[in-house]
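Subject: Structure handover

Hello,

Here is the structure I said I would pass on. Please open it next to this message and follow along; my notes come after it.

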Amino acid sequence: RGAPWFLLAAKLAAAAGMPVLLHGWNSASNEIADVRKALAGLDIPTVESADAAQRALTAHGIAYAPLEALDRSALDLLRLRDVLGLRSPINTALRAMNPAGAATSLQGVFHPAYRGLQQDVGLALEQPRLLVLKGGGGEFERHPGKAAELLGVADGNAFETTAPALVTGHVRLAEGVQTTPAALWAGDAEDPFAEAAVLATAGAALFGAGVGRDPEAATEVARDLWRRRSTRRAA
């Protein structure tokens, strides 16, 4: 619904040395929220095969695999929403996909009650590490002005914790967009709220991957990675 700040969080996770494969199908009614349009400006390659994904992860540490490249039949089922006017169980099932067999799976859901469902599925699938949060539009993106309930799996055990808000004041992620993810990353523009969204999301992602004793510690790691990222702005 808002700009895809979570892409910058993914880049921070990649900068931490964790190969990141983003995957899915994003139908944005708001052009600001179009994930695929944002990829090129962030140097995140789109891949159409497993070999291309491996090359991209080796070269860039991050890649995006569209659902139609992973499983066209799954996309056909997903797009039944255009016919039925309703989501179907495929929306929930596809969140549990892990096409790279990654040790950590990060999942965003729109309805809070689904967090426990995705956690149970992670346990059933024996996913080594998993973190689920309620995200804007169902993406893995934290609102920095709210405390976030995080449900996860680590080494076969379910856990639940809370990540505190990073900023005060309530702003919808889809409102007040002052810049683009590419401009924010490059240092060509400033947006404190968007930056807080990136740090909150990256902190959750790193914590889900086992970095830090708690979400606050993982967020500090994300903050350091953000400060050390390569920008066009002179130091």
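The model is predicted. Four of its strands make up an open sheet, in the order β3-β4-β5-β6, with mixed pairing. At the edges stand β3 (104-109) and β6 (157-163); each has a single partner strand, so one side of each lacks a neighbour in the sheet. From one strand to the next, the twist averages 20 degrees.

Inside this sheet, β4 (residues 129-134) and β5 (residues 148-154) run antiparallel and are joined by four bridges. To see one pairing, look at Leu131, whose bridge partner in β5 is Gly152. Helix α8 (residues 114-124) packs on the sheet and touches β3, β4, β5 and β6. The direction of α8 makes about 170 degrees with that of β4.

Next, another pair of strands. Strand β1 (residues 20-24) runs parallel to β2, and five bridges join the two. Here Leu22 has Tyr64 of β2 as its bridge partner. How many residues of strand β2 (residues 62-66) are buried? Five of its five are, so to describe the strand as mostly covered is fair. Ile62, Tyr64 and Pro66 point one way from β2, while Ala63 and Ala65 point the other way, and all are buried.

Last, the surface. Leu77, Leu80, Val83, Leu84 and Leu86 make a nonpolar surface patch of about 510 Å². One of them, Val83, lies in helix α6 (residues 81-84). Why does Val83 count as exposed? Its relative accessibility is 67%, and exposed means over 50%.

Regards

Notes: Residues are numbered from 1 along each chain as its sequence is written. This is a predicted model: local features need pLDDT of at least 70, side-chain atom pairs count only at pLDDT 80 or more; totals for chains, interfaces and linings use all residues. Side-chain values use heavy atoms; hydrogens and water are left out. Buried means under 20% relative accessible area, exposed over 50%, partly exposed in between (1.4 Å probe, protein chains only). Two strands pair if DSSP finds at least two bridges between them. Patches are made of residues with over 30% relative accessible area and no salt bridge: like charges are joined within 9 Å, nonpolar side chains (Val, Leu, Ile, Met, Phe, Trp, Tyr) within 5 Å. Accessible areas come from the Shrake-Rupley method with a 1.4 Å probe; for residues, only the protein chains shown count as cover. A salt bridge is a side-chain nitrogen of Lys or Arg within 4 Å of a carboxyl oxygen of Asp or Glu. Axes are lines fitted to C-alpha atoms, for helices over the stretch in contact, and angles run from 0 to 180 degrees between N-to-C directions. Contact means heavy atoms within 4.5 Å.
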